[in-house]
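Grab a coffee and open the model in your viewer. Try each exercise before you read its solution.

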Amino acid sequence: MKPQTVRWTLPPTPDVDAVIVGSGPNGLVAAITLASAGWRVVVFEAASRPGGGTRSMELTLPGVVHDVCSAIHPLGLASPALRALPLADHGLEWVHPDVPLAHPLDGGRVALLHRSVAATAVGLGADGAAYRKLIEPFVRSGFDLTDGLLSPLSVPPKHPIELARYGITGIQPASRVARRFTTDEASGLIAGLAAHSMLSLGSLSTAGYAMMLGGLGHLVGWPMARGGSQSIADSLVGVLEDLGGSVVCGTRVTSLDELPPSRAVLLDLTPRQVLAIAGDRLPGRYARRLGRYRYGPGVFKLDLALAGPIPWTNTDVRRAATVHIGATMPEISAAEDDVLRGRHPERPFVLLAQHTVFDAARAPSGVHTAWAYCHVPNGSSVDMTDRIETQIERFAPGFRDLVIARHTMGPAGMEAHNANYVGGDINGGVADLRQFVARPTLGLHPWATPLDGLYLCSSSTPPGGGVHGMCGRHAAREVLRRQPLSD
Ligand SMILES: Cc1cc2nc3c(=O)[nH]c(=O)nc-3n(C[C@H](O)[C@H](O)[C@H](O)COP(=O)(O)OP(=O)(O)OC[C@H]3O[C@@H](n4cnc5c(N)ncnc54)[C@H](O)[C@@H]3O)c2cc1C
């Protein structure tokens, strides 16, 4: 990248080889990957603390820590990028609940996703054998498969047999795969897992989400970071600083012209912001393609401080840190379809985490937290607090009486917290089959832009959303391949 005029007035930056804009997990992993290769790097972050989607804050009461965005990290634990880093040396400790996931149903019933496939199958009764048949091949393939799914498309693929076996079922709609089951427990469990996609459960590839997230529950568990997700960010920053890199917070970049001279600039941003910052320099055809990139539904987030743990009707629900609330496949499917049609479901599908049951470090003694969100149309301004709480109360009567303090964030609040959440979309863009292949544009090297030295490294590039840092790692490797330091 050609040297640019430095117009900014922020702290003086020493000479750098690469500038990263945005300190989400992808930005930080990109910086670490380059620093490990001997590059001098600096990360500019708009917020006052690093971490993007992994930040934690005292949202309700002093001393009560809430994860503002990401809360549960199967992808973090399985990610080849994060597995390779000495994050534990910098304070990151994964806390595993007794059970990765609980899925309550009416009448006090529950489906539990245990670490063990066998125990899960036993709990699913009549559907136990069908569940084993669906998930066991995934679990047996272990990291070969998950590493393959998180890696760039290569020809030929690295683990063709595992990928083909996964792909044959994973490409299907979750609603079709759920027809293999006869119980509400098993089909509801699949629906909840698939609904993380924020797609219609009748859409192609939604079964793949269910298999991936369910399979990871067995393979690595669904852990949380002790003390809050912020410690993921803080440990990444620790690794980066050991390598000589640095993060400058409170620095919102509005144009490439503001950046100090460097060989490469990596944007941990989504296409809309990329256009705002660099659009005037990008070739028109590429800019138009970025302009056609699609964003998905938003989220409405509710954080609660509670006077006790949630009083679930079925006490087994308390064994899990993550709870999927929406009961049956038809109910969850209808709720997600409502959102995609621009409506607000009366009974939304709610994703809930009860951290303090497993991690006392997050709140003073006696105080508990609930982290919950539901999907809403992109840009929605409807307050979903009552609907989310009514769904929780349905499976935990008396829960509302425990609420001491509330904090809510709709799409506008999410976007104010992190500009990458355009209209409240937490995935960095729709993650359907089309935008899985063309993310953000079609090509074997989607991290590189046509502008020399400018790269994208956010969740709007493969493999997409989640705290795994793999978008950042791929982008940095693309930089190293195209611009070796010896040049
Ligand atoms: C409510 C919610 C729940 C979630 N739950 C989970 C979960 O449980 N598990 C999971 O794995 N994932 C979860 N996610 C998704 C996860 O947080 C994201 O996929 C992930 O953080 C994406 O990482 P990133 O590095 O691409 O971008 P981000 O983490 O979004 O980071 C981008 C950074 O860029 C900064 N930035 C933006 N514009 C500028 C600018 N102009 N100048 C400087 N800096 C800028 C932002 O402030 C931000 O720090 C959740 C997200 C949300 C919102």
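Two exercises follow, each with a worked solution.

This is a predicted model, where local features need pLDDT of at least 70, side-chain atom pairs count only at pLDDT 80 or more, and totals for chains, interfaces and linings use all residues. Residues are numbered from 1 along each chain as its sequence is written.

**Exercise 1.** Work out where the ligand lies relative to domain 1 and domain 2.

*Solution.* Start with the domains, whose bounds come from an automatic or database domain assignment: domain 1 is 18-60 + 229-293 + 428-482, and domain 2 is 94-130 + 174-204 + 214-224 + 297-417. Next, look at the shell around the ligand (a residue is near if its C-beta atom, placed from the backbone, lies within 6 Å). Among its 41 residues, Gly 22, Gly 24, Asn 26, Gly 52 and Gly 53 come nearest. Finally, both domains give residues to this shell, so the ligand lies between them.

**Exercise 2.** Find where helix α5 bends, and by how much.

*Solution.* First check the span of α5, residues 128-149: its end C-alpha atoms are only 26 Å apart, short of the 32 Å that a straight helix would reach at 1.5 Å a residue. That expected span is 1.5 Å times one less than the number of residues; helices are DSSP runs (H or I, at least four residues), numbered from the N terminus. Then locate the bend, the angle between axes fitted to the seven residues ending at a position and the seven starting there: α5 turns by about 95° at Gly 142.

Key: Helices (H or I, at least four residues) and strands (E, at least two) are DSSP runs, numbered from the N terminus. The bend at a residue is the angle between axes fitted to the seven residues ending there and the seven starting there.
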